[in-house]
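This briefing covers the ligand site and the cysteines. Please look over the sequence and structure before reading on.

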Amino acid sequence: MKFFIDTAEVSEIKALIPSGMVDGVTTNPSLIAKSGRNILEVIKEICALVDGPVSAEVTATTAKDMVTEGEFLFGLASNVCVKIPMTWDGLEATNALAAKGIPVNVTLCFSAAQALLAAKAGAAFISPFIGRLDDNGLDGLELIEEIRTVYDNYGYETEILAASIRSIGHMKDCALIGADVATAPPSVIRKMAGHVLTDQGLAAFLADWKKTGQSIL
Ligand code: E4P
């Protein structure tokens, strides 16, 4: 499973790169607003740091304007992936951009029916928001399962980009289900490394090692 980092904070992305966990980045208008920075500057900076796809979201709401914004965003760097909301205009824009060879991430997906439309429109990625479904008493992981089945039934190449991830459990379950990508905040990815038995085991190893009086170097 590929890991995308769900943030517009350049320092957080930089800090994760040495671990090999950064296969791409996702941003959205709220994350850009939170960063307090200019979208064009941030996207260019992130694209220069990361080899993989960097999602930059359009804010227009008509198909025509989404295409214009999408082409402009794609012109910023060759690894920009244009993020488009799951609306009918968004589907038309996705179809138009895909026909020009511009990769699109269809975002704000909350049903398998929407995911089917996005695949048919030619989306490179579909972003089902699992945390927001869970927040509303629904089952986000069930949606990932459903989309996996639909896409596998017909051999759609659109990648399932599990989004709105809140926990280590979400990451693990997305991997078990077979999501192609999961995008998560840096804090969730870092938490995945932790286990109380790892901490206890390491403490015991180091204590025993100290008693030997040896050193490797
Ligand atoms: C993904 O592309 C979205 O930016 C993100 O995962 C949304 O997460 P949230 O529901 O925590 O805002």
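**Ligand site and cysteines**

The ligand sits in the largest pocket. The model is predicted. Ten-residue surroundings and the state of two cysteines, Cys109 and Cys174, are set out below.

**Surroundings of the ligand**

- Around the ligand are Asp6, Thr26, Asn28, Lys83 and Phe129, together with Arg132, Ala163, Ser164, Arg166 and Thr183.
- By class, this shell holds four charged, four polar and two nonpolar residues.
- Among the residues surrounding the ligand, Phe129 and Ala163 belong to the nonpolar class.

**Polar contacts and burial**

- Lys83 places a polar side-chain atom 2.6 Å from an oxygen atom of the ligand.
- For Asn28, the distance from a polar side-chain atom to an oxygen atom of the ligand is 2.7 Å.
- Asp6 also has a polar side-chain atom by an oxygen atom of the ligand, at 2.8 Å.
- The protein buries 85% of the 340 Å² that the ligand exposes when taken alone.

**Cysteines**

- The number of disulfides is zero, with a cut-off of 2.5 Å between cysteine sulfur atoms.
- Cys109 takes part in no disulfide, and the nearest cysteine sulfur, that of Cys174, is 13 Å away.
- Cys174 is likewise in no disulfide, its nearest cysteine sulfur being that of Cys109, 13 Å away.
- Since a disulfide requires sulfur atoms within 2.5 Å, the 13 Å between the sulfurs of Cys109 and Cys174 rules this pair out.
- Cys109 counts as buried because its relative accessibility is 0%.
- Cys174 also has 0% relative accessibility, and therefore counts as buried.

How values were computed
Residues numbered from 1 in each chain as written. Predicted model: local features only at pLDDT ≥ 70, side-chain atom pairs only at ≥ 80, totals over all residues. Heavy atoms only, no water. Near = heavy atom within 4 Å. Polar contact = N/O pair within 3.5 Å; in protein donor to acceptor, adjacent residues only side chain to side chain. Areas by Shrake-Rupley, 256 points an atom, 1.4 Å probe, with all protein chains shown as cover. 1 Å grid on protein atoms, 1.4 Å probe; cavity = no way out; pocket = protein on both sides within 12 Å on 5 of 7 lines; lining within 4 Å. Sits in = over half its atoms within 2 Å of the grid points. Buried < 20%, exposed > 50% of the residue type's maximum accessible area, 1.4 Å probe, protein only.
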